[in-house]
Amino acid sequence: MSALTKTLVKTVAAQQLDSIDLYESKRADFLQEVIEGLEDGILILSRTGEVVHANASAHRLCCQFNQGNFNQNFVPPAIWNFCESLLSSRYLFSDKLMILSDEIVIDKSNVFRVRVRLLDLDSFEVPCLLVTIENQYESVKSLAITEVKKFDLTPREAEIWFLYRSNYSYKEIASKLYITINTVKKHMKNIHTKRQACLVVE
């Protein structure tokens, strides 16, 4: 009878371990899906510049930085410069969490916010660098889409507003949309009127 009880306990313990492992595996899969689904690029680099992990967005963005070339272990110089700056200055501020942030501008519609921080986690043998790459253009686009709905803009006003939010001048907007500067000014006046009305309601 005693031997049977021990066997049952062992079986239950093994099943519990299996369910814990399964839970951890599902959790890891879920986190992997989240990271891969992010619009922002996520790079994890060793202190020597080797790529430990790069999500799909990071691959795409790094290809942009390198004019179409991105092999697994090559970090674009513009990004690695930030990483080296962080590594060389971390000894000056060793007691504080340091995050370096700057912009990489390729052209007007390709502006990226890059942030670098040191990850010193117990599960890693050596510290790694976490690099996030945010496409500012896409962020502005998302914000502009929200504002178009909020201010109830017409399709033409929406086009103009999006370009305006992307730092295009009235002249550039007129040229891009094949309209006159006066037409742009007229639409912008209507947009600002709608914005003011919306702010008053809030």
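Strands are DSSP runs of E, at least two residues in length, numbered from the N terminus. In this predicted model, Asn 135 is found in strand E5, which spans residues 128-135. The relative accessibility of Asn 135 is 12%, and the residue therefore counts as buried, the limit being under 20%. Apart from neighbours within four places in sequence, Asn 135 is in contact with Asp 40, Val 111 and Phe 112.

Strand E5 also takes part in the largest nonpolar core, to which it supplies at least two residues. This core has 24 residues. Those with the most contacts inside it are Leu 43, Leu 45, Ile 79, Leu 129, Val 131 and Ile 133. Besides E5, at least two residues each come from strand E1 (41-46), strand E2 (51-54), helix H2 (56-65), helix H3 (77-89) and strand E4. The most is given by H3, with six residues. A second core, separate from this one, comprises 16 residues, including Ala 144, Ile 160, Ala 174 and Val 184. In soluble globular proteins, nonpolar side chains tend to be buried together.

The surroundings of Val 131 were examined further. With residues up to four places away in sequence not counted, Val 131 touches Gly 41, Ile 42, Leu 43, Leu 45, Ile 79, Cys 83, Val 114, Arg 115 and Val 116. One of these contacts, Val 116, stands opposite Leu 100, and Val 116 lies in E4.

Strand E4 (residues 110-119) is paired with strand E3 (residues 99-107) in the antiparallel sense, and eight bridges join the two. Together, E3 and E4 form a hairpin, with two residues between the strands. Val 111, a contact of Asn 135, falls within the residue range of E4.

Aromatic contacts were considered next. The structure holds three aromatic pairs. In one of them, Tyr 164 and Tyr 170, the ring centres are 6.3 Å apart and the planes lie at 55 degrees, so the pair is tilted. An angle over 60 degrees would count as edge-to-face and one under 30 degrees as stacked. Tyr 164 has a relative accessibility of 31% and therefore counts as partly exposed. Tyr 170, with a relative accessible area of 26%, is likewise partly exposed. Both tyrosines belong to one aromatic cluster, which also contains Phe 151 and Trp 161.

Key: Residues are numbered from 1 along each chain as its sequence is written. This is a predicted model: local features need pLDDT of at least 70, side-chain atom pairs count only at pLDDT 80 or more; totals for chains, interfaces and linings use all residues. Side-chain values use heavy atoms; hydrogens and water are left out. Two strands pair if DSSP finds at least two bridges between them. Helices (H or I, at least four residues) and strands (E, at least two) are DSSP runs, numbered from the N terminus. Rings of Phe, Tyr and Trp (its six-membered ring) pair if their centres lie within 6.5 Å; planes under 30 degrees apart count as stacked, over 60 as edge-to-face and the rest as tilted. Buried means under 20% relative accessible area, exposed over 50%, partly exposed in between (1.4 Å probe, protein chains only). A nonpolar core is a set of buried Ala, Val, Leu, Ile, Met, Phe, Trp, Tyr and Cys residues joined through side-chain atoms within 4.5 Å. Contact means heavy atoms within 4.5 Å.
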